[in-house]
Amino acid sequence: MVASGALLAVVLLAALGPLFWTVSPNQVNLAETLQPMSSAHPMGTDDLGRDVFARFLEGARLSLMVGAVVVLAGATIGGALGVVAGMSRQPVSGFLGWVINTLLSFPTLMLAMAVSVALGAGVFAGAAGLVLAAIPWYARVLRSEVLRIMSRPSVEAAVVAGAGSIRIARRNVIPHLMPTLLIQAASNFGAAILTLAALGFVGLGAQPPQAEWGSMITGGLQYALSGQWWIGVFPGLGLIVLVTATTVLADRARDILDPRGSYVRS
Amino acid sequence: MSISKYRSLALAGCAAVVLVAAGCTASPTPGTSSPGESSDRMVIDWATGNTTLDPAAACNQDDLSLIHNMYATLTKYDVREGSDGTSEYDPTKIVPALAEDWEVSEDGKTYTFTLPADAVFSDGSPMDAEAVKYSVERVLGSGTCAAFYLQAGALEPPLIESVEAPDATTVVFELNRPNGDFLAGLATPAGSIVNPAVVEANGGSKPNTPNQYMASNVAGGGAYLLDSYSPGDKVVLKANPDYYGEQPATPEIEINYVTEPSNLLLQARSQAADVTLGMPLQSVNTIESDACCRIVTNESPSFAQIALKNTVAPLDNPKVREALTLAVPYEDILKNVAYGYGSLFFGPVVPGAVGHDADGSAPLETDLDQAKKLIAEAGVDGPIKLTAIVNTTTPIAVQLATLVQGVWKEIGVDLKVEALPPSEFTPRYTGGDYQLAVNLEGPGVPSAGYQLTLTAQCGNPFNNAEVCVDGADELLEQARTTTDPAEADELYAEITQLWRAQFPRIPVYAAQHVTVLSKDVTHFEYAKFLDFTTWTVSQ
Amino acid sequence: MRSIASRVGWGVATLFGASVLAFLLMRVLPGDPARLAAGELASEEAVRARAADMGLDQPLPLQYLHFIRDFVTGDWGYAYSIGTPAREAILGRLPATVELAILAFVIGVSVGVSLALLAAYTRRRWVDVVIRGLSSLGMATPQFYMALILLLVLSQGLGLFPGPEGRLTPGLAEPPHRTGMFTVDALLAGQWTTASDAFAHLILPAVVLAMVPAAFLLRLLRSNLLETSREQYMLVLRAKGTPRARSYVRHAFPNAALPTITASGLLLAELLAGSILAEKVFGWPGVGSLVADSVLSKDFAIVQSFVFLSALIYVVVNTLIDVVYGLVDPRIRSASR
């Protein structure tokens with residue numbers, strides 16, 4: 001319950017924060033660089049005098065949005081891929097299985113990095129890379145789930161009765177996939193946010209002056225060692241809280257929806 | 001055994017490991033010298049990894065500085081006293097290096113160098129006129145920036161017509177026009193003398209083809225030998241016993257490439273590094289008052305700039321350019337981005353380059369009202385929307401761009417900042433594919449003639465901002481071909497005034513070269529191509 | 001035996017796909033690699049000559065075939081961003097990463113397994129909650145953040161560990177080269193100070209790298225253990241009088257471990273990818289930091305070689321695991337795919 005509370009808090013902060021905290025995250029103020037926490041700046045200011053709290057909120061929004069986009073796109077495309085792979089016959093099924101396996105053999109970060117560079121840095125390119133890296137996970141998990149469902153007597157009966165694939169998919173398969181999909185999405189969300197931050201750390205993904213937690217941590221690294229720790233520490237805490245919350249919720253979801261838990265998390 | 005016994009065993013095991021590890025780290029405590037470290041060895045932390053060891057392929061400043069210490073050149077810069085007990089190079093004076101002496105013909109087109117009879121490469125083969133001829137021809141045929149540096153930027157047509165070695169100790173250069181910077185070009189690492197036998201045995205010298213062996217090996221006769229090389233990680237140099245000149249003061253140099261700024265700071269603080277090069281200025285600022293280190297600043301021919309593409313609307317309108325130039329908060333930037341490690345100027349030639357007219361390059365005052373007025377006068381339709389490209393690996397440029405973006409909003413200019421990874425920034429910048437570009441730059445040869453040719457000569461393919469100032473080209477031609485430095489200076493001063501009236505680009509500030517030295521360093525010398533041979537550190 | 005052949009066949013097919021993807025990723029990038037390689041002030045002829053030298057003027061399928069042929073014969077291309085052949089660069093830095101990965105693996109496995117056992121075995125609920133919280137935390141903390149905290153607290157603050165100086169204290173000579181792993185080489189040469197120095201430098205980055213695998217293993221093993229402990233045979237064991245601890249360690253654990261071992265392939269992938277971040281923060285001269293820099297400078301010789309190499313390792317390890325799992329678990333052996 002702590003977890004859902006934390007998640008809700010972050011979402012509310014991100015969504016409603018700017019209504020209350022009207023300081024601009026990109027307002028440069030050279031007279032007030034590297035200020036410690038104060039009532040005017042609850043999280044201090046960074047090296048260009050920008051309010052860290054405002055950037056924190058902006059970063060929260062970005063992480064949540066990118067996480068949501070990646071999960072939606074990944075689930076849709078990856079899910080579709082998995083369903084088709086599971087329901088079709090050879091050679092299509094084998095081919096799709098091969099594509100999924102190929103994508104899976106790449107370290108996630110590498111794939112995201114390579115795509116990011118290919119599409120030219122920036123949040124959009126980063127998100128595209130994350131989606132591509134997430135697709136095979138959904139595809140594989142859903143494919144094996146579909147295979148399980150297909151071997152059920154009710155479905156076999158439908159096939160024998162001559163029902164078309166699409167009908168079977170709609171009636172018998174897809175409705176049963178929701179639990180699996182949700183669990184996968186919940187853990188994918190957290191992983192996507194972390195990978196986006198990693199991209200920011202390496203210099204890809206969100207570009208300055210965009211406020212993004214990962215690049216804020218990088219920027220804050222140098223200052224942390226000279227005493228201005230607030231620049232990098234808060235975004236890091238934000239990441240930890242957000243991802244922990246989603247992971248715990250994912251666990252809870254799995255406990256409820258799939259207590260036997262027979263597959264591996266992404 | 002019960003599980004609690006397992007558990008306590010495990011805990012004990014973990015504790016033991018941690019204690020052992022912690023105890024082991026106690027011996028080589030950072031900051032004090034451990035057995036093995038003496039004044040015979042110096043540790044340098046370098047923020048920028050190097051990309052090649054080949055003098056015929058190296059383009060960037062850090063590569064050139066490393067190469068300079070492992071190869072011999074015909075000429076070099078003189079040394080003068082610097083601040084606070086250090087010394088620095090004197091860009092206005094070229095003195096003999098390998099060449100003992102030289103003669104220039106009346107028309108300034110023939111240079112005859114005399115070499116010593118006994119200079120050798122590290123493998124014992126003679127470093128003679130044939131080797132010089134080979135090295136020069138190799139660079140000229142390489143088609144890289146080395147050909148550019150060697151000929152001091154005079155490439156249209158190529159400056160060096162021929163180089164001959166009539167005997168073992170004489171080298172004769174024939175130029176197709178006189179050029180006051182020719183000797184300076186020879187002093188750049190592009191003028192390094194390579195061992196022909198070694199190069200021929202490892203890939204040879206083919207036009208326009210890089211030599212892979214030379215990129216990671218050294219075939220030279222410089223002050224230091226390459227003892228070990230791990231690209232992007234570590235380089236160890238050892239003094240060359242057969243060096244033709246004076247033996248280096250510190251026989252062994254260990255260079256660590258440390259790209260993470262936080263690591264640089266940590267190592268400087270703990271004095272794990274004797275010399276730190278390239279530390280980001282905000283870190284320098286925090287370490288300034290620390291007892292561990294001292295900061296040495298030198299005027300260097302490098303500057304932060306906002307390049308404007310002069311041929312793209314609305315930047316083709318001088319009033320718009322003037323407005324943008326006046327709307328930059330120079331003092332604020334110098335204080336907050338450069339932390340004071342720099343100076344302001346407005347002119348085509350950077351301070352620190354020979355031919356820079358200090359009096360004529362006075363900086364401009366930020367004047368937002370005047371800028372707004374000029375924009376109105378310029379008669380440009382609608383709000384001005386511009387895009388600036390920045391290299392993500394140059395944090396200062398990113399900061400600058402962000403800052404300027406905020407200020408220009410006040411004069412009605414909507415600036416978008418496009419941060420690009422180096423692999424995208426470099427081709428776009430050198431190809432002129434931009435409206436504005438924010439970066440740190442500096443002429444490869446610290447001379448006005450070189451810099452003007454590269455950045456202000458109409459029609460020069462390397463002039464990627466397409467700057468063209470009426471009347472400047474003829475004066476430039478004259479200045480480059482005269483061998484009278486006083487006359488050249490006068491001409492450069494004239495060019496400076498013509499240039500200023502056109503506002504072709506915005507030099508934001510001249511960047512000083514900042515070195516962090518541990519308090520044990522007893523002598524340091526700054527040069528554009530860093531020369532380690534006189535650096536010393538106490539025990 | 002047919003299933004082994006089919007598994008191996010799958011492995012090879014995946015490898016082929018990975019090679020195509022690795023090749024395409026870099027080749028279809030915008031930007032001109034020849035110009036990048038030739039340098040800023042290069043002349044047009046030099047750029048053209050470079051492009052021809054890199055084989056960029058040939059049709060893509062032909063370039064792919066050359067890429068495969070060259071890779072197999074040991075020519076992995078030329079890394080223009082550091083001036084050495086790609087194979088030398090990668091293999092030269094591999095021992096540093098392998099050393100790190102091995103220690104991280106050991107730490108990760110021991111911590112993960114012991115905590116999982118503890119969490120499943122304990123009767124005190126709060127222990128389980130704390131351990132689950134730790135595992136969530138471990139997976140949620142960005143590695144570079146953890147690295148910063150550890151450096152600040154343990155290195156700068158308490159002075160227990162050396163800072164991010166790389167593999168050895170600057171000024172200390174490297175041990176004679178045998179495997180490239182400094183701890184091993186120093187031990188082989190009898191240089192005890194060097195060995196302990198190298199080990200001390202290895203600890204913090206290894207802990208950072210081990211964080212995610214440990215947390216991951218912890219969750220997996222714990223849930224498998226709990227599941228197994230509810231199985232009928234466990235009840236029978238207890239009824240027979242087997243002490244609780246022994247029933248866990250001797251019976252539950254081996255059964256729960258199998259699916260965990262299967263997941264080790266993923267662990268490897270996590271280690272490989274994670275090394276990129278951990279190495280950057282600690283200035284560890286391994287393959288990860290090399291690749292991170294190469295991606296930014298579009299040095300595709302290094303990137304595609306590394307990507308292909310990691311895919312190779314991943315496929316080989318997973319195929320091996322699949323085969324072993326199939327041989328070991330009688331339930332799988334009989335079932336068809």
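**Helix packing, a chain contact and an open sheet**

In helix H1 of chain A, the residues Ala3(A), Ser4(A), Ala6(A), Leu7(A) and Val10(A) meet Val241(A), Leu242(A), Ala245(A), Thr246(A), Val248(A) and Leu249(A) of H9(A). By residue class, this contact of H1(A) with H9(A) comprises nine nonpolar residues, two polar residues and no charged ones. The model is a predicted one, and the description below follows the chains in turn.

Two packed helices are described by the angle between their axes and the distance between the axes. H1(A), which covers residues 2–20, packs with H9(A) at an angle of about 135°, and the two axes are 8 Å apart. An angle over 145 degrees would count as roughly antiparallel, and one of 65 to 115 as roughly perpendicular; H1(A) and H9(A) are therefore oblique to each other. Their crossing is left-handed.

H9(A) also takes part in the contact between chains. Chain A contributes 36 residues to its contact with chain C, and chain C contributes 38 residues. On the side of chain A that touches chain C, at least two residues come from each of helix H3 (92–104), helix H4 (108–118), helix H7 (165–202), helix H8 (213–224) and helix H9 (230–257) of chain A. The most is given by H9(A), with eight residues. This side of chain A is made up of 24 nonpolar and twelve polar residues, with no charged residue.

Chain B offers a sheet to examine. Here four strands form an open sheet in the order E4-E5-E7-E6, with antiparallel pairing. Its edges are strand E4 (101–104) and strand E6 (160–167) of chain B, each of which pairs on one side only. From one strand to the next, the twist averages 20°.

One end of this sheet can be followed residue by residue. E4(B) pairs with strand E5 (residues 110–114) of chain B in the antiparallel sense, over four bridges. Among the bridge partners, Asp101(B) is matched with Thr114(B) in E5(B), and Trp102(B) is matched with Phe113(B) in E5(B). The two strands E4(B) and E5(B) form a hairpin, with five residues between them. In the turn, Gly108(B) has a positive phi of about 75°.

A helix accompanies the sheet as well. Helix H3 (residues 129–140) of chain B lies across E6 and strand E7 (170–175) of chain B. The direction of H3(B) is at about 165° to E6(B), the strand named above as one of the edges.

Note on methods:
Residues numbered from 1 in each chain as written. Chains lettered and ligands numbered in written order. Predicted model: local features only at pLDDT ≥ 70, side-chain atom pairs only at ≥ 80, totals over all residues. Pairing = 2+ DSSP bridges. Axes fitted to C-alpha atoms, helices over the stretch in contact; angles between N-to-C directions. Contact = placed C-beta atoms within 7 Å. Nonpolar A, V, L, I, M, F, W, Y, C, P; charged D, E, K, R; others polar. Parallel < 35°, antiparallel > 145°, perpendicular 65-115°, else oblique. Left-handed = near helix turned anticlockwise from the far one by under 90°.
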